[in-house]
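Colleague: Could you walk me through this model, salt bridges before the rest? Please spell out the cut-offs as you go.

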Amino acid sequence: MLIVPYMWIGDFVRCHSVVRLLKEQDPDRPIDVLTTAMVAPLLDYMPGVHKGVVADLPRGRLAFAEHRALAARLKPEGYGQALIMSRKWKAALAPFLAGIPVRTGLLGEMRFGVVNDLRFGEKRLPRMIDQCAVLALPRNAPRPAEWPVPQLVVPAAEVSAWRQRLGLTGGRPVAALAPGAVGPSKRWPAEYYGEVARQLAAEGFEIWVLGGPGEKAQAEEIAGRGGERVRDLTGTDLRNAILGLAAADVVASNDSGLLHVAAAIGTPTVGIFGPTSAWHWAPLNPIAATIETTTDVPCRPCHKPTCRMGHHACMRDIPAARVLAAVQHARRTVPA
């Protein structure tokens with residue numbers, strides 16, 4: 001079995017629900033997952049995955065030669081079925097060229113032929129998890145009351161070695177902040193994160209800012225406001241963020257991929273939602289708190305990457321004190 005997931009971090013984490021669902025039906029069937037180099041570290045912590053197939057295909061163009069080269073790599077694996085979660089036509093191209101006999105997916109971009117086990121009714125499945133997980137069920141099978149939740153299992157020894165390597169061995173509690181997101185509208189202001197960091201540092205916390213290189217400027221602003229106990233751990237290696245989220249005592253995150261990673265690990269996590277609907281996009285895993293504005297913002301949820309109104313009220317109206325209180329409560333309720 002080959003799973004062809006969405007390649008954004010949060011969506012990739014969601015794909016582990018599909019892995020778990022497939023394993024419930026056939027525990028002995030190997031499951032491989034197509035991945036990019038960037039999200040591949042997640043597979044090391046996903047129980048039930050046989051291996052990842054790394055392919056960094058170009059975005060925004062068909063790149064037929066690259067898909068044909070990928071198909072040549074897939075063909076010797078002898079896959080009997082591919083589950084193609086993405087609705088895009090080109091997502092099914094390499095499995096088609098590789099001759100995988102059963103290619104299951106939603107109709108999406110009119111994928112007659114390249115997908116030969118077409119599933120319909122996607123408009124009745126408003127959440128992405130529903131659209132993905134239903135592909136793992138036999139055709140017309142009833143849906144379970146709840147989908148299996150993703151699981152990321154991070155060995156304690158690996159976390160300890162990572163902390164030693166980075167010199168993060170102090171005995172203070174750790175609050176991890178994830179200020180990034182795809183699109184500026186989903187980012188709670190860095191100055192607010194900085195105020196949360198300052199208050200937590202005064203209470204004895206160490207503060208780690210996690211994210212990709214695009215969050216470097218935010219991390220610097222948070223450190224500038226939060227003080228010397230703020231550590232900038234942003235960088236290009238997703239594994240660094242995974243281990244940081246596993247090591248932290250509590251996490252505060254925008255609606256982003258790292259929110260899903262933290263929740264799947266099981267670290268107490270506060271999720272901050274502005275332009276997006278928590279019902280649609282929150283992790284399947286339970287989180288400690290879902291924070292949304294209590295003011296009247298008529299344009300919310302818009303699900304747009306950039307605020308079209310220019311005021312960003314859905315995020316700016318969430319005060320730092322409210323997130324701070326949620327983080328403090330989540331930390332207090334962690335079992336000893």
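Colleague: Happy to start with a count: how many salt bridges does the structure hold?

Modeller: First, the ground rules: this is a predicted model, where local features need pLDDT of at least 70, side-chain atom pairs count only at pLDDT 80 or more, and totals for chains, interfaces and linings use all residues. Residues are numbered from 1 along each chain as its sequence is written, and side-chain values use heavy atoms, with hydrogens and water left out. A salt bridge here is a side-chain nitrogen of Lys or Arg within 4 Å of a carboxyl oxygen of Asp or Glu. By that criterion, the structure's salt bridges number 17.

Colleague: Take Arg 119 and Asp 117: what is the N to O distance in their salt bridge?

Modeller: Side chains of opposite charge can pair when their charged atoms come close. For the side chains of Arg 119 and Asp 117, the N to O distance is 3.1 Å.

Colleague: Is Arg 119 buried or exposed?

Modeller: Buried means under 20% relative accessible area, exposed over 50%, and partly exposed in between (1.4 Å probe, protein chains only). Its partner Asp 117 has 12% relative accessibility and therefore counts as buried. Arg 119 has 11% relative accessibility, so this residue is also buried.

Colleague: Now the pair Arg 198 and Glu 195: in which helix do both lie?

Modeller: Their side chains meet in a salt bridge at 2.7 Å, N to O. Arg 198 is partly exposed at 39% relative accessible area, and Glu 195 is partly exposed at 29%. Helices are DSSP runs of H or I with at least four residues, strands are runs of E with at least two, and both are numbered from the N terminus. The two residues sit three apart, about one turn, in helix H6 (residues 190-202).

Colleague: And how many residues apart in sequence are the parts that Lys 216 and Asp 232 tie together?

Modeller: The closest N and O atoms of this salt bridge are 3.0 Å apart. Lys 216 belongs to helix H7 (residues 216-226) and Asp 232 to strand S9 (residues 230-232), so the linked parts are separated in sequence by 16 residues.

Colleague: Which residues do salt bridges that share partners join into one network?

Modeller: The pair Asp 117 and Arg 119, with its 3.1 Å bridge, belongs to this network. Shared partners join three residues: Asp 117, Arg 119 and Arg 139.

Colleague: Let's turn to the sheet: what is the order of its six strands?

Modeller: Two strands pair if DSSP finds at least two bridges between them. The sheet is open, with parallel pairing. Strands S3 (51-54) and S6 (117-119) are its edges, each pairing on one side only. The order is S3-S2-S1-S4-S5-S6.

Colleague: Which residue in S5 is the bridge partner of Ile 84?

Modeller: Strand S4 (residues 81-84) and strand S5 (residues 102-106) pair in the parallel sense over four bridges. In S5, the partner of Ile 84 is Gly 105.

Colleague: What angle does helix H2 make with S3?

Modeller: Helix H2 (residues 64-74) packs on the sheet and touches S1 (2-4), S2 (32-35) and S3, where contact means heavy atoms within 4.5 Å. Axes are lines fitted to C-alpha atoms, for helices over the stretch in contact, and angles run from 0 to 180 degrees between N-to-C directions. The angle with S3 is about 150°.

Colleague: Finally, what share of the 336 residues of the chain counts as buried?

Modeller: The chain has twelve helices and twelve strands, and its C-alpha trace spans about 60 × 50 × 40 Å along the principal axes. The buried share of its residues is 54%.
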